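Here's a walk through how two chains meet, and through a few spots worth a look on screen. Pull up the viewer and follow along.

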Amino acid sequence: MPPDFISNVYVFIVAGFCGVELIKRVSPLLHTPLMSLTNALDAIVVVAAIIIAGRHETALTTVLGAIAIAASFSNMVGGFFITDRMLRMFKTGKAKQ
Amino acid sequence: MTIAGVQQYLDFAYVAAVILFILSLKWLSSPMTARWGVLAGEIGSAIAVAATLFNPEIVQYKWIIIMLIIGAGVGIPLGLVKMTAVPQRTALSHAFGAASAAMIGIAEYYVGVPHVTRFQMGEIGLEVIIGSLTFTGSLIAAGKLQEILPQRPIVYRGQNIVSLAVLGLAVLLAILMVVNPAQAWLFPIMVLVALAFGVLLVTPIGGADMPTVISLLNSYAGFSAALLGFVLNSKVLVVAGALDGSSGFILSVIMCKAMNRSFTNVLFGAFGQVTTSAAAAKEERPVRSASPEDAAGILEVARKVVIVPGYGMAVAQAQHKVRELYDALIKRGVDVQFAIHPVAGRMPGHMNVLLAEADVPYDHLKEMDEINGDFPQTDVALVIGANDVTNPAAKIDKSSPIFGMPVLDVEKAHTTMVIKRSMNPGFAGIDNPLYYMENTLMLFGDAKAFVTNIVKQLSSQN
């Protein structure tokens with residue numbers, strides 16, 4: 001077992017619990033933006049794709065990494081963009097007057 | 001600077017990104033601070049991406065830059081879609097996220113082979129299987145939501161056995177690879193089998209179950225990213241994946257509770273096929289129907305109106321007309337609230353977003369538990385394109401397939417009006433006794449056209 005495995009397990013467990021506690025507090029009103037926001041945050045896999053493509057080891061891994069960059073970066077850009085668009089639409093009765 | 005020195009700075013950047021991600025979700029808890037949440041997420045992601053570009057392992061930038069530009073070029077239009085298309089956009093983004101996690105896992109295997117250890121192989125195998133099945137499963141879900149594929153469940157005899165056998169085969173291949181990670185020829189077969197399982201998993205699921213399925217796929221996409229973090233020993237991926245995964249998981253639990261069903265029942269239950277025969281056996285019963293004039297007359301004298309929107313409102317694109325109705329009633333001093341069932345529509349929160357887009361103030365959008373006690377004091381409950389979530393059989397009829405599902409108590413209002421195309425039950429084929437009740441009026445027609453007519457009546461009587 002690699003030595004980092006256990007420290008990653010710790011990180012996963014703490015982040016998972018943290019996520020559960022944070023997300024339980026999100027109003028059901030915002031469940032759609034919640035999904036698009038977490039999607040955009042998840043698109044951070046783009047950093048791994050950048051490294052794989054940039055290491056330029058074999059043609060196959062470079063191509064896979066390059067496609068992964070486009071797929072995840074489009075989630076990052078599109079996800080934040082649409083979340084903000086949705087959230088801008090939520091207004092109270094008072095704010096409208 | 002040494003390579004190790006640069007790495008240290010990169011780690012600081014990733015820690016900053018993780019802090020911002022957690023703040024991002026924290027601020028999303030309320031509509032007042034939610035936009036700060038988006039900003040925090042954007043800054044965190046920007047820091048992480050910018051820092052990564054300084055990683056000394058990178059020897060070639062050309063493709064990185066080109067693909068980032070292409071990614072932005074695809075992402076911006078996907079961020080500009082209409083609000084009615086948000087469920088399919090979300091499913092598509094789960095597909096993209098899972099695909100990139102799977103592709104990176106695959107690349108990592110080929111970088112390492114033949115020096116991949118058994119432990120790494122186990123991690124990569126699990127990661128690639130989950131990523132691949134989430135990719136095709138999400139594509140099928142997006143196809144169903146976009147109505148390229150039929151929304152009704154597609155089922156055949158022995159389906160669950162076939163699906164589980166395919167999943168079993170993928171796992172078996174992964175185990176064989178763990179036994180000897182150097183058998184590179186098995187790897188593409190494992191990926192293909194996992195891709196096939198994703199198709200088999202989602203094809204039998206009907207449109208009404210989409211809120212649960214989309215949440216489950218969300219959670220799989222997140223967990224595949226977290227697993228990728230384990231493979232690459234990247235803590236920022238572990239954290240982001242765990243946050244996304246737990247978010248999808250919580251939403252799935254909420255959706256399942258709101259339908260009184262279990263995960264296995266949603267995934268392997270193939271809702272609808274059993275119940276069609278039962279519904280067909282029912283005899284014709286009388287219903288009372290009303291015209292837009294009648295409906296407007298009743299709404300006009302009401303003091304409290306609760307509108308119950310469902311997927312039918314989204315299909316008819318009636319949300320803006322519903323807002324006009326809301327305005328017309330508010331102007332007459334009527335108290336108007338919206339009752340939102342957790343599984344109304346095709347994804348969690350779908351109705352809230354549509355109504356917010358139409359400028360309905362969000363303080364008038366009430367959750368089921370918050371509004372159910374109000375129905376006995378409500379003069380008119382107006383159901384627009386919702387069906388199962390208003391079905392009183394869920395409370396009393398033990399033989400109903402939705403028995404036990406929490407529903408909106410619309411029948412307790414003095415008058416219940418239901419806008420519906422016809423008496424034809426939906427694909428789930430579940431009969432709704434609400435339609436035959438004495439205080440129920442059926443308003444037959446297209447949701448948008450009918451609401452438009454009611455609004456016209458209300459304004460002409462001014």
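What follows goes from the contact between the chains to single residues, and then to salt bridges and the surface.

**Where the chains meet**

One thing to keep in mind from the start: this is a predicted model. Chain B puts 99 residues in contact with 80 residues of chain A. Between them, about 8,000 Å² of area gets buried, and carbon and sulfur atoms give 76% of that. There's polar chemistry here too: 22 residue pairs are in polar contact between chain B and chain A, counting pairs with both residues at pLDDT 80 or more. Salt bridges between these two chains come to four.

**Two neighbours on chain A**

Let's zoom in on helix α2 of chain A, residues 31-42, where you'll find A:His31. Is A:His31 buried or exposed? With a relative accessibility of 6%, A:His31 counts as buried. Skipping anything up to four places away in sequence, A:His31 touches A:Val26 from its own chain, plus B:Leu251, B:Ile254, B:Pro348 and B:Gly349 from chain B.

A:Thr32 sits in helix α2 of chain A as well. Its relative accessibility is 2%, and since the buried class takes in anything under 20%, A:Thr32 counts as buried. Leaving out neighbours within four places in sequence, A:Thr32 is in contact with A:Met86 on chain A. On the chain B side, its contacts are B:Val86, B:Met347, B:Pro348, B:Gly349, B:His350 and B:Val353.

Which backbone atom of B:Gly349 lies 3.2 Å from a polar atom of the A:Thr32 side chain? That's the backbone oxygen of B:Gly349. B:His350 comes in with its backbone nitrogen, which lies 3.3 Å from a polar atom of the A:Thr32 side chain. B:Pro348 and B:Gly349 are worth finding in the viewer, as they're on the contact list of A:His31 and also on that of A:Thr32.

**Salt bridges, between and within chains**

Searching the whole structure over all chains turns up 20 salt bridges. Here are three pairs, with the N to O distance for each.

| Acidic residue | Basic residue | N to O distance |
|---|---|---|
| A:Asp84 | B:Arg35 | 3.0 Å |
| B:Glu300 | B:Arg332 | 2.9 Å |
| B:Glu370 | B:Lys366 | 3.8 Å |

Start with the salt bridge between A:Asp84 and B:Arg35. A:Asp84 lies in helix α4 (residues 59-89) of chain A and B:Arg35 in helix α2 of chain B, so this pair joins two chains. How buried are the partners? A:Asp84 has a relative accessible area of 15% and is buried, whereas B:Arg35, at 40%, is partly exposed.

Next, B:Glu300 and B:Arg332 form a salt bridge with their closest N and O atoms 2.9 Å apart. This one links distant parts of chain B, with the two positions 32 residues apart in numbering: B:Glu300 is in helix α12 (residues 292-300), and B:Arg332 is in the loop between α14 (319-331) and β2 (335-340). B:Glu300 is partly exposed at 27% relative accessibility, and B:Arg332 is partly exposed at 28%.

As for the salt bridge of B:Glu370 with B:Lys366, B:Glu370 is partly exposed, with a relative accessible area of 46%.

Which residues are linked in a network of salt bridges? They are A:Arg55 and A:Glu57 from chain A, together with B:Glu57 and B:Glu108 from chain B.

**Out on the surface**

Now for a nonpolar patch on chain B. B:Trp27, B:Trp36, B:Leu39, B:Ile43 and B:Ile47 make a surface patch of about 450 Å². Its largest share, four residues, comes from helix α2 (residues 34-52) of chain B. B:Trp27 has its place in helix α1 (residues 3-27) of chain B. At 31% relative accessibility, B:Trp27 counts as partly exposed.

Last stop is B:Gln377, in the loop between α16 (368-371) and β4 (380-384) of chain B. B:Gln377 counts as exposed, with 52% relative accessibility. How many residues apart in sequence are B:Gln377 and B:Met442? They're 65 residues apart, and 21 Å apart in space from C-alpha to C-alpha.

Methods
Residues numbered from 1 in each chain as written. Chains lettered and ligands numbered in written order. Predicted model: local features only at pLDDT ≥ 70, side-chain atom pairs only at ≥ 80, totals over all residues. Heavy atoms only, no water. Patch = residues over 30% accessible without salt bridge, like charges linked within 9 Å, V, L, I, M, F, W, Y side chains within 5 Å. Areas by Shrake-Rupley, 256 points an atom, 1.4 Å probe, with all protein chains shown as cover. Salt bridge = Lys/Arg side-chain N within 4 Å of Asp/Glu carboxyl O. Buried < 20%, exposed > 50% of the residue type's maximum accessible area, 1.4 Å probe, protein only. Contact = heavy atoms within 4.5 Å. Buried area = accessible area lost by both parts, 1.4 Å probe. Polar contact = N/O pair within 3.5 Å; in protein donor to acceptor, adjacent residues only side chain to side chain.
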